[in-house]
Amino acid sequence: MISTVARKEMKEMIRDGRFRWAGGIVLALLAGSLAMGWQHYREVNAQHELARRATREQWLHQGVKNPHSAAHYGVYAFKPKMPLSLVDQGVDPWVGVTAFLEAHKQNEFKYRPAQDSTAIQRFGELTGAAVLQLLIPLVIILLAFPAFAEERERGTLRQVLSLGVKPSQLGWGKALGIGWGVGLLVLPATLLGTLALALSAENGAFQSSLPRMAVMFVSYLLYFTAILAISLAVSARARSSRLALVGLIGFWIFNGLIAPRLAADLAKTVYRTPSAFEFARNIEMGLKNGVDGHDPADRRAEELRDAVLKKYNVTKVSDLPVAFQGISLQAGEEHGNQVFDHYYSQLWDTFRQQERVHQIASLAAPMLAVRSLSMALAGTDFAQHAHFARASEEYRRVIQRVMNTDIANNGKVADGPYLRDADLWKQVPDFDYRAPDLAWVLSRQSLSLALLTAWAAGSILLAWRATQRLRVD
Amino acid sequence: MLEAINLSKSYNGTVALDALNLKIEPGEIFCLLGANGAGKTTTINLFLNFIPPSSGTAKINQLDVVQHSLETKKFLAYIPEQVMLYRNLTGIENLEYFTSLAGERYTRDQLSGFLKEAGLPADAAEKRVGAYSKGMRQKVGIAIAIAKKAKALLLDEPTSGLDPKAANEFSELMKKMRDSGSAILVATHDLFRAKESGTRVGIMKHGRMVATLRTDEIGHADLERIYLEHMHD
Amino acid sequence: MLTQIVKHEWRNLRADRTLWAVAALLAVTIGFGIRNGSEWVRFQNDTLKAVAAEERERLAAVNSGIIDAQAGRTKPTSFTDPRSPSVVGRTLGARYASMPPAPLAALAIGQSDLYPYYFKVSTSTRQTFLNNDEIEHPVHLMSGRFDLAFVILYLYPLIILALSYNLLSAEKEAGTLAMTLSQPVGLPKLVLGKIALRFVFILLPGGVLSLAGAIGGGTNIAADGGGSRLLLWFGVVALYGAFWYALAAAVNAFGRGSSSNAIALAAFWLAFVLVIPSLLNVGVKYVHPVPSRVELIQAMREASREAAAQGSRLLASYYEDHPELAGDRTDAADFAALALANQEQVEKRIRPVLDRFDQQLDLQQRLVDRYRFLSPAVVAQAALFDIAGTSEHRYKHFLGLADRFHRDWRAHFYRQIVRNASLAPQDVDRFPEFHFEEEPWRAVAGRSEVGLVVLLFAVMVVGAVAAWLLRRYPVAA
């Protein structure tokens with residue numbers, strides 16, 4: 001019974017000019033945006049890879065100089081791109097692409113790609129995620145709103161029901177038929193995307209993307225299910241097909257356009273972030289009360305000096321078996337690190353709380369949940385940006401430690417400046433960044449996943465109840 | 001005065017009206033009889049310039065309805081099969097609107113007067129039209145015709161769906177308007193009313209006028225017999 | 001007669017519950033939008049106040065530091081000496097170049113959340129202070145904010161379409177159209193009357209509400225040409241709305257049913273407001289791709305390495321470029337001068353890379369300007385952002401002023417650095433100061449007026465199509 005209905009739906013759909021047009025356009029947009037995302041991923045990854053090698057080369061071949069000068073010369077960290085970013089660019093256009101790792105400072109990531117664009121990008125980027133989150137639901141709504149309503153108006157609903165077909169069977173049949181239609185659009189694109197990934201991603205990157213891809217597929221499936229079920233429910237109970245359409249379009253607008261912006265404003269109101277000025281000021285104040293490697297007149301420097309003198313049991317700095325400068329530089333770094341950690345973790349905690357507001361807001365709009373999941377799985381959400389920022393900061397500290405330890409141990413030279421060469425630079429390992437695994441991502445997205453599942457389950461229940469109380473005329 | 005000269009209309013090769021020649025003088029009620037799709041409504045739509053003719057002319061008071069579209073509407077009144085009015089407005093408000101579009105400004109009292117003349121009781125005039133029966137709505141349509149002092153009336157199936165009393169009231173109003181000098185074209189199935197109040201009748205079949213008769217020359221039974229003869233085949 | 005139609009239309013619509021629901025929605029969204037815009041303006045103003053206060057404090061500290069050092073009460077090192085022009089010019093005395101929010105900035109957040117609105121200018125290279133991004137969760141930047149411009153660009157057309165999609169089709173389906181058209185009233189005039197009512201009903205209260213909200217939110221609309229800005233803003237909103245009304249009229253004039261009209265108009269909305277702008281965005285970036293910032297960094301590193309390698313040769317060529325400074329040389333001064341020469345060399349090297357960025361972006365912008373007629377939403381967005389003073393035009397203007405200030409600042413300190421001069425307390429008052437001037441109104445107005453003309457043209461074209469179609473409107477069946 002259900003399959004009969006489904007098959008009739010499928011046949012009708014294929015013959016419907018509207019579906020062919022709308023579906024064709026959406027398929028073209030989806031394929032096009034995936035292609036562009038793929039090209040962008042390859043381009044940026046190649047660029048960043050090149051730049052990573054270059055910065056390493058520059059570090060190794062920076063010549064002969066004092067290790068502290070080398071620390072100031074520093075290296076650049078370049079944010080890597082994950083293969084699945086071809087589907088969802090996430091926040092990548094809105095965060096900096098590179099950070100300068102130097103002594104005494106934890107620098108922000110600079111050069112947001114969005115700043116190198118015109119204002120029309122504020123209308124929205126055309127990514128696979130945009131098509132999947134906005135346009136496909138619209139197609140689902142257009143296919144589903146007449147499901148019961150139009151049959152009712154044409155009079156065929158009475159006829160079908162008089163044959164003894166149960167409303168729920170009708171509902172399932174229609175759901176399957178429409179789902180098949182949507183599948184016609186999404187599956188080819190998914191296959192193309194997977195193929196592109198397999199061809200372009202380097203060894204290991206593709207394999208590690210597969211589980212993420214699977215979860216992403218499930219997430220979008222849940223999302224589409226929720227939209228489909230809601231549309232069928234509305235169609236079953238609305239007084240006319242026109243009312244069903246207007247109501248569903250209103251829901252689509254709220255879900256896709258209004259809710260994200262409302263969630264942003266809500267999050268900002270509930271959890272306030274400091275201004276950049278305030279933040280910098282706080283760090284500056286924190287640092288001032290700390291050890292300044294360049295300024296021996298500092299109080300804390302005196303305490304340190306006394307402690308070190310006592311440790312080595314001497315009375316004068318010049319009697320120390322180690323170079324005091326190295327020790328004080330490292331102490332300064334460590335104090336600075338404390339300050340940075342304190343304020344940065346505060347800031348990132350606030351960001352995480354704001355994200356939580358977005359996730360909770362998905363109770364009103366499923367799009368927020370799927371958006372959050374999609375970005376996280378594509379590796380383009382803020383959490384993974386922060387993960388990279390954290391890792392590059394750790395690497396910066398490694399550099400400082402190596403340099404300062406060397407100065408401390410070997411820096412006591414009789415005359416002239418203490419110089420080192422590539423033998424020391426080589427001791428700093430190459431920056432090897434490991435992106436977080438799926439478990440890490442999912443642990444942070446548990447709320448989104450739960451709410452999305454709740455939406456799917458709840459709307460199926462709603463649709464079932466609506467078909468039970470199907471309005472026949 | 002209503003005049004059709006070789007008036008024709010076809011849609012994609014299908015002929016809806018074939019070279020109609022008709023002249024309705026003031027003080028005359030002309031009834032168009034025929035089956036559904038015979039061309040009665042098409043004729044009325046052509047006079048209203050709701051559809052353009054494929055060939056020929058329709059004239060009201062010597063003016064071509066296509067070239068003088070707005071002018072000709074000044075002195076004609078149209079009462080469709082279902083007089084549809086603005087549901088949320090009262091009878092008087094609807095009358096006020098349509099007459100003001102016609103270029104006339106009347107006071108409340110005058111408007112009530114027209115409605116009374118058309119047979120609509122005063123308390124009904126103040127109620128929202130959404131609650132009116134078909135007969136009541138029709139009376140508003142007639143009131144519009146009276147207020148416009150329309151010299152040409154176009155009526156489409158006016159008595160269908162009316163009970164005998166309402167139909168009779170309507171007939172009387174028609175005669176009143178005829179006597180005040182209007183030319184009236186009525187498309188109808190109602191043979192009885194046609195003989196009763198019409199001056200002449202025309203029988204239409206497949207877009208052509210196949211017969212024209214004067215009602216004072218035939219009896220009721222004759223009319224039915226002639227009608228069925230033409231409809232045969 | 002037009003007034004009759006408008007009055008009648010009002011009586012009709014008044015009883016319709018949809019109208020009031022829509023009006024309430026509009027009011028709520030306008031209020032909320034203006035609130036958010038005002039919040040952002042307040043945030044910026046507060047930050048700028050704090051920034052100015054910090055600068056005052058710091059300069060006062062420099063002043064007292066100079067006095068103390070001169071009196072021998074403190075013995076600062078060469079890296080922290082407030083008497084050293086190179087130290088003061090580079091860190092201790094750095095001054096801010098600030099751009100306060102424009103008069104109507106509360107109405108459209110625009111691009112102002114993406115670009116810096118103040119810089120800490122010092123003798124260091126531009127690159128060191130240019131990337132002064134405000135702290136904001138990137139997801140908020142991605143989704144955009146709920147401001148008045150959002151309401152106008154996205155929701156206002158929807159509201160118009162919700163009220164006008166069945167302009168004629170409703171009457172035709174109800175049967176009243178035949179009654180009306182059997183009166184001597186032309187269809188175009190009827191449609192015009194219906195539109196006029198809706199136009200006024202939405203625009204007037206909407207406009208008043210926006211104005212009230214803006215003033216209530218603290219916007220001083222009387223300041224610097226705020227009045228003419230408001231007029232232009234209103235003009236854009238009116239013409240943008242007129243376009244959607246004309247479109248609704250044209251779609252109705254085809255004679256299809258209300259449901260078909262609704263779907264057709266929804267498709268147009270989708271195309272003009274979502275799809276075409278993002279396609280345009282993609283196209284423009286494809287035709288004129290901006291070079292990668294990574295390339296810029298590489299260029300900077302290479303340039304500074306080469307400059308360092310050149311050493312004293314660099315110094316010699318620096319004095320060739322600045323002969324007026326060659327006369328007062330000393331050794332310590334030479335060290336500082338070497339650093340400056342280094343900087344100058346690096347900047348010269350990366351100039352072509354930076355120029356290519358600006359060039360490509362400029363080409364992108366020009367392409368967008370040329371093709372913006374493809375969507376009235378793109379035209380309206382550009383005009384609204386520009387009028388509100390939150391577009392990249394104002395930012396570029398600010399950048400130009402900041403650059404000029406940077407050059408003045410450097411010139412002021414370089415002279416003293418190479419002479420190894422020592423700063424005196426009264427010198428602090430003579431430091432160059434930044435003053436922000438708005439772009440000349442003619443420039444802003446000129447750009448917006450082009451937008452208005454394009455919108456007007458679009459309205460006329462669609463209106464003409466509507467009028468032509470109405471002439472062939474199938475009144476019967």
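**Notebook: chains A, B and C**

I first looked for contacts between chain A and chain B, and no contact joins them. Their closest C-alpha atoms lie 20 Å apart. I keep in mind that this is a predicted model.

Next I asked which chains do touch. Two pairs of chains are in contact. Of these, chains A and C share the most contacts.

I then turned to chains B and C. On this interface, 24 residues of chain B are in contact with 19 residues of chain C. I checked which elements of chain B give two or more residues to that side, and found helix H2 (69-74) and helix H3 (91-101). H3(B) supplies the largest share, five residues. I also sorted the side of chain B that touches chain C by class. I noted 15 nonpolar, five polar and four charged residues there.

After that I went to chain A on its own. I listed its secondary structure: 17 helices and three strands. I looked up its radius of gyration, which is 29 Å. The globule rule gives 23 Å for 473 residues, and 29 Å is well over that, so chain A is more spread out than a compact globule. I took the spans of its C-alpha trace too. Along the principal axes they are about 105 × 45 × 35 Å.

How much of chain A counts as buried? I found 45% of its 473 residues.

My last entry is on contacts within chain A. I took those between residues at least 6 apart in sequence. Of these contacts, 83% join residues at least 24 apart.

Notes: Residues numbered from 1 in each chain as written. Chains lettered and ligands numbered in written order. Predicted model: local features only at pLDDT ≥ 70, side-chain atom pairs only at ≥ 80, totals over all residues. Helix = DSSP H or I, 4+ residues; strand = E, 2+ residues; numbered from the N terminus. Rg over C-alpha atoms; globule rule 2.2 N^0.38 Å. Buried ≥ 20, exposed ≤ 12 C-beta atoms within 10 Å, placed from the backbone. Contact = placed C-beta atoms within 7 Å. Nonpolar A, V, L, I, M, F, W, Y, C, P; charged D, E, K, R; others polar.
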